[in-house]
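Dear colleague,

I am handing over the structure we spoke about, and I would be glad if you could read the notes below with it open in front of you.

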Amino acid sequence: MKLYPLFADLKGLPVLVIGGGTVAERKVAALLGAGAKVRVGAPQLHPALARLADEGQVEWLHGGYQPAWLDGVWLAIAATDDRDLNARVAADATERRLLVNVVDDASLSRFHVPAVVDRSPLIVAISTAGAAPALARRLREMLERLLDHTLGALVTLAQQHRTRIVLRFPDLAERRGFYDWLHDGPVLPLLRRAQPAEAERTLLSALNTRGVSPGKGSVTLVGAGPGDPGLLTLQALRALNQADVILHDQLVSADILAMARRDAERIDVGKRCAGRHVPQDHTHQLMLMHAQAGKRVVRLKGGDPFVFGRGGEEMAFLREHGIDCDIVPGITAAVACAAYAGIPLTHRDYAQSVCLLTAHGKDATDTLDWHALANHRQTLAIYMGVERIDVLTARLLEYGRGPDTPFALIENGTLPRQRVITGALHALPALARQHAVGTPALLVIGEVAAMARDRAWFGELITQRPATAAAQMACAEPA
Ligand code: SAH
């Protein structure tokens, strides 16, 4: 091992940072975070450092470097851009048997400052001994994504009850089993749900009564977003990494499924899976069966589970059957498709409200409030509307929405094959047919839709006029 890793308790100890620029400022911030008494030596200070000095949070040693600055400190960091000066500091510190770090200069450093993932009191530190700082940064990013932000709270809880745990499980193997339960079981999800008292109760009851019970199954409803895997949330990614079983919709892309735990069982419950209709009831039973078998089930849905996703019904069903259920929201199609088409859903001048609606389902077009929907100064974002485009358009026009109202039809939003078709409301059915728009597609109606024309930044944009009726007929003739 080229370097000996250690974590230093610097609380209340004087340390020295030489340099007054932004690099020094970052070092000072981290040292203050660890409770050190920081002295900064420099002729001038960057404004943020000067503020800290004014507030008395750091002591400013004003002027050019003097070896006497090193007297009485435990650590020294040289953060100047003068290599000779840095080398002098390093030599003086070494002579005094002080640990010294020279920023970005491994050869002059006695200690290195690692890249850090902070879930205090859990801290992950990464070092390549200065050989590959970019790789250390990359690893840090990966771990940042992977490590739940509530892990710190779990570690604190375990720390508070450590003695109790040791007494309850004197046998090392049993204790290890308990810790496995603590890390994988229901305590962390409770902390994630901001229910620390319940988390502690669960831990204590496991200690006091039955010991570790076999893991109870659970279901997490996870929103996968509209398609682009980059739009998955960190929480969704973590849930996918932990799942034993994933029940997913057809809309969820293969790229997203590929990000899940390799050995997780994946079950397609897409509504039109292999040409067959999978009834909702069957999905309910599958979730129940796997959760009752003690599995961690992820029910993965396109967009957001609670927006036209039947997530509400699934949650109610699981609750009725006593299954633990939580939810990770996703970016819903309206929000994502509009953004990827360059359309602001609200706009100070044109739209004070947005209405998310679906034209699908039993009698949807008959039960909608067309009066309200035909109002100006609002944006309509219509899900599952492609098959009902004729009725939709006719009703809106009939109830008074202007025929020139702009629309944007976004097909395969956020995916590489995204197409955006824009035009005026009266021409919507013709344009949709002319371009053979398929599913999934989201329809935006309202003044803001016109903005796609000069703000679209992703995929293909089609703004042409509808073909005349005569031309359409000519197209229909076999060549
Ligand atoms: N829960 C999902 C909606 C499910 S309903 C969500 O919050 O987004 C399915 C409808 O969503 C589709 O018919 C389509 O109108 C819309 N949709 C979902 N993904 C889409 C995408 N990538 N591009 C365009 N529309 C999409």
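What follows is a summary of what was found, taking the ligand site, then the salt bridges, then a few remaining places.

Please keep in mind throughout that this is a predicted model.

The ligand site comes first. The shell around the ligand holds 18 residues, and those that come nearest are Asp-304, Val-307, Thr-332, Gly-413 and Ala-441. Three of these also make polar approaches to the ligand: a polar backbone atom of Asp-304 is 2.8 Å from a ligand oxygen, a polar side-chain atom of Thr-332 is 2.6 Å from an oxygen atom of the ligand, and a backbone N or O atom of Gly-413 is 2.8 Å from a ligand nitrogen. The ligand taken alone would expose 550 Å², of which the protein buries 92%. Sorted by class, the shell consists of 12 nonpolar, 5 polar and 1 charged residues, and both helix 14 (333-340) and strand 17 (441-445) contribute at least two residues each to it.

The salt bridges come next, of which a search of the whole structure finds 19. Arg-193 deserves a look, since this residue has two acidic partners in strand 12. With Asp-324 the side chains meet at 3.4 Å, N to O; Asp-324 belongs to strand 12 (residues 324-328), whereas Arg-193 sits in the loop between helix 8 (187-192) and helix 9 (196-208), so this pair ties together parts that are 131 residues apart in sequence. With Asp-326 the closest N and O atoms of the salt bridge are 3.9 Å apart, and because Asp-326 is likewise in strand 12 while Arg-193 is in the loop between helix 8 and helix 9, the pair links parts that are 133 residues apart in sequence. As for burial, Arg-193 counts as partly exposed at 27% relative accessibility and Asp-324 as partly exposed at 31%, while Asp-326, at 15%, counts as buried because the cut-off for that class is under 20%.

A further salt bridge joins the side chains of Glu-314 and Lys-301, at 3.3 Å from N to O. Glu-314 lies in helix 13 (residues 311-320) and Lys-301 in strand 11 (residues 296-301), so the pair ties together parts that are 13 residues apart in sequence. Both ends are buried, Glu-314 with 0% relative accessibility and Lys-301 with a relative accessible area of 2%. Elsewhere in the list, Asp-244, Arg-261, Asp-263 and Arg-296 are joined into one network by salt bridges that share partners.

Two other places remain. On the surface, Phe-308, Val-354, Leu-356 and Met-384 form a nonpolar patch, and together they have about 300 Å² of accessible area. Of these, Met-384 is found in the loop between strand 14 (378-383) and helix 17 (389-398), and at 38% relative accessibility Met-384 counts as partly exposed. Leu-247, in strand 9 (residues 245-248), is by contrast buried, with a relative accessible area of 0%. In space Leu-247 and Val-297 are 7.5 Å apart, C-alpha to C-alpha, although 50 residues separate them in sequence.

With best regards

Definitions and conventions
Residues are numbered from 1 along each chain as its sequence is written. This is a predicted model: local features need pLDDT of at least 70, side-chain atom pairs count only at pLDDT 80 or more; totals for chains, interfaces and linings use all residues. Side-chain values use heavy atoms; hydrogens and water are left out. Patches are made of residues with over 30% relative accessible area and no salt bridge: like charges are joined within 9 Å, nonpolar side chains (Val, Leu, Ile, Met, Phe, Trp, Tyr) within 5 Å. Accessible areas come from the Shrake-Rupley method with a 1.4 Å probe; for residues, only the protein chains shown count as cover. A salt bridge is a side-chain nitrogen of Lys or Arg within 4 Å of a carboxyl oxygen of Asp or Glu. Helices (H or I, at least four residues) and strands (E, at least two) are DSSP runs, numbered from the N terminus. Buried means under 20% relative accessible area, exposed over 50%, partly exposed in between (1.4 Å probe, protein chains only). A residue is near a molecule or strand if one of its heavy atoms lies within 4 Å of it. A polar contact is a pair of N or O atoms within 3.5 Å; within protein, one must be able to donate a hydrogen and the other to accept it, and residues adjacent in sequence count only if both atoms are side-chain atoms. Ala, Val, Leu, Ile, Met, Phe, Trp, Tyr, Cys and Pro count as nonpolar, Asp, Glu, Lys and Arg as charged, and the others, Gly among them, as polar.
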